[in-house]
Amino acid sequence: MSLKAKSNTKMRIRAFPMTMDEKYVSNIWALLKNAIQEIQKKNNSGLSFEELYRNAYTMVLHKHGERLYTGLREVVTEHLVDKIRVDVLESLNNNFLQTLNSAWNDHQTSMVMIRDILMYMDRVYVQQNNVENVYNLGLILYRDLVVRHGCIRDHLRQTLLDMVARERRGEVVDRGAVKNACQMLMVLGIDSRAVYEEDFELPFLEQSAEFYRLESQKFLAENSASVYIKKVEARINEEAERATHYLDKSTEEPIVRVLEAELICKHMKTIVEMENSGVVHMLKNNKTDDLGCMYKLFIRVQEGLKTMCECVSGYLREQGKALVTEEEGGNKNAIQYIQDLLDLKDRFDHFLHESFNDDRLFKQTISGDFEYFLNLNNKSPEYLSLFIDDKLKKGVKGMSEQEVEVVLDKAMVLFRFLQEKDVFERYYKQHLAKRLLLNKSVSDDSEKNMISKLKTECGCQFTSKLEGMFKDMTVSNTTMEEFKNHIQTSGTSLHGVDLNVRVLTTGFWPTQSATPKCNVPTQPRNAFEAFRRFYLGKHSGRQLTLQPSLGSADLNASFYAPKKQDSGSSGPQVRKHILQVSSYQMVILMLFNTRENCSYEEIAQETDIPTRDLIRALQSLACGKPTQRVLSKEPKSKEIEPNDAFTVNDHFTSKLHRVKIQTVAAKGESEPERKETRSRVDEDRKHEIEAAIVRIMKSRKRRSHNLLVAEVTEQLKSRFLPSPVVIKKRIENLIEREYLARTPDDRKVYTYVA
């Protein structure tokens, strides 16, 4: 732009005339109109922009702004209609986007120059009359007269949509031309997305929805779930990249939403339940990565994770049920039962961590499912205790203390899922008692560690008795030392018996309420009586009751086997062994000191051992491994029958001098025992429920039935889930015993009777 300066002119300031005649105004406008037209034709090099600005300033100053504004609109309209629109229409079938883009760039450039000339009008007239500024006026006219002109608008939309469709099919398109057109539509919206939205985005989203609706059906019919997921992921990335690179960035979110709706939402159930490739297939075949891809895809959509989670839950429950269901009357191997559950938990924890990003919903679902099927089998508390017992016993082959610790931590996870923790406590107490009394614990540290885990989980009330059992063991050691000193100083005879007594506090240990009968032989009985006198002499007012079911003994045994005929010496050959046996086995074996043989009936009558324990003891002695058969049985069979007869097995041989007679292992209780344990648990629960009711009523003073039941359940759920029927019975019982009373006006409301 060159400004031609006239030579020999002096700068002088003169006032504009206050009024301007019509002719002068017409001349100024003619000058400005011509300049605008020249700018539109790109012939602006010979124009003096300073002069043009001054002329426009003059018109506005003398209140001719409206004429200038109207004239501008007419000139721009004329140029757009007669020149630009015609050019664009002619190019509809040849270089359409390039022509439109070129015209748009020229129009923008010319409008910037025109705006500069008419700057004063923008500042004064436009502001006062609240009309569009010069540049925006140019945009509006271009929008309405060119871009939104009938067939141009339709052709532009169709061209853009066709180009996107072609690229989706894998063809190469001119991304730059599409980008320019989209930017133009955004600018024509003047601070809004309306033009871009109406003229391109909405039709684009509709076309995309239709395209992906058909593609998803084709994909699903032809591919497995994992391939489909990868294709969807690729399509979403492709569309997001397209929006970022040559559509408008703001289109990314809506187009991705369309894909999520068409490719994921509408087919969620089909994908997760797909046979031989859906979620169940992935879980069965440990397809961690595929599950991870599905999780990432489904987290994008509402209800996505829920749909996936339901499928995972269904499979997990089915697997869990299969593990905990037992044949009618059959006993599963407790150790294997719990190990299978732990393996299942490990598998799903792996999926949770590797595939589901430790998602809270999946975490809660997996925990809920384990709680559901673990409690389907009412033997679970017993089996879990047996499993822990197995890990804490001496002689766990191939496991270091650290490995045992890891397994116990996992077992504690299952313990959390148990609803009947009080049943577990009862069994745990029985198993711990055997470990302590038979000296089978792997180490005191491991035992105490396990108790501290239970304490953390359930509080000190839960473990107080278990801790009491340890205390008894320590006190018993001290007592035995004192007893041995007493024997030496007093010269008391123990009749050749080396006695070791454990004094157990009744409340702590799982001793039977009715002491099992058993006729202990004279020698050990006399030794025990000596201890009883010593103990009661120290602790007056206490009672000592012998518990033969938990004791053990070492017996010196001599076997007289006939000499082989070829040997020169005569008479029987004596073989001596030390037999490590239970108290019941000792009682049985000592009968054979005075007789050659004994029938089952005689043994039962003379020993008075409870039938079940007697059968187990005889099975161990007569039906165990050949190296442990101290007795012979007639007739020979694995079961003990009432008409069996027993003799000492003089052919008994063992390489070991000290022979441990293994008791037939009871893997879990028998049904009668289980029923007895259940009835004891139910009895204990009655007291716990009553205590909870009284505690609540004492603090509340007055409570309605439903609220009281809810509070009692809440208080006791850490130990067991009391049934509302049982709670109601306990409330009735407390009313009878006058701890509570019904209110006269409402029988469903109780008050506390102080």
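Helix α25, which spans residues 583-591, is largely enclosed by the rest of the structure in this predicted model, because nine of its nine residues are buried. Those buried residues are S583, Y584, Q585, M586, V587, I588, L589, M590 and L591, and the elements that cover them include the helices α24 (522-538), α26 (600-607) and α27 (611-622) as well as the strands β1 (552-561), β2 (573-582) and β4 (631-634). Two residues of this helix, M586 and M590, are also among the members of a nonpolar core of 33 residues, which includes L579 and Y600 as well.

That core of 33 residues lies apart from the largest nonpolar core, which has 151 residues and in which Y142, L156, F298 and M308 touch the most other members. Helix α17 (residues 334-354) gives the most to this largest core, with ten residues. In soluble globular proteins, nonpolar side chains tend to be buried together. The surroundings of M308 can be listed in detail: when neighbours within four places in sequence are left aside, M308 is in contact with V272, V279, L291, M294, Y295, F298, F356 and F362.

M294 leads on to a pair of helices, since M294 belongs to α15 and is one of the residues through which α15 meets α11. The axes of α11 (residues 225-245) and α15 (residues 288-298) come within 10 Å and cross at roughly 45°, and the two helices are therefore oblique to each other. The crossing in which α11 passes α15 is left-handed. On the α11 side the contact is made by S226, I229, K230, V232, E233 and I236, and on the α15 side by D290, C293, M294 and L297. By character, the residues of this contact divide into six nonpolar, one polar and three charged. An α-helix has 3.6 residues a turn, so residues three or four places apart point the same way.

Two further residues, R143 and N93, differ in their exposure. R143 is found in helix α7 (residues 134-147) and, charged though its side chain is, counts as buried because its relative accessibility is 19%, the cut-off being under 20%. Not counting residues up to four places away in sequence, R143 touches R148, L188 and V195. N93, by contrast, lies in the loop between α3 (65-90) and α4 (96-117) and counts as exposed because its relative accessibility is 77%. The C-alpha atom of N93 is separated by 9.5 Å from that of H155, although the two residues are 62 residues apart along the chain.

How values were computed: Residues numbered from 1 in each chain as written. Predicted model: local features only at pLDDT ≥ 70, side-chain atom pairs only at ≥ 80, totals over all residues. Heavy atoms only, no water. Axes fitted to C-alpha atoms, helices over the stretch in contact; angles between N-to-C directions. Helix = DSSP H or I, 4+ residues; strand = E, 2+ residues; numbered from the N terminus. Parallel < 35°, antiparallel > 145°, perpendicular 65-115°, else oblique. Left-handed = near helix turned anticlockwise from the far one by under 90°. Contact = heavy atoms within 4.5 Å. Core = buried A, V, L, I, M, F, W, Y, C linked by side-chain atoms within 4.5 Å. Buried < 20%, exposed > 50% of the residue type's maximum accessible area, 1.4 Å probe, protein only.
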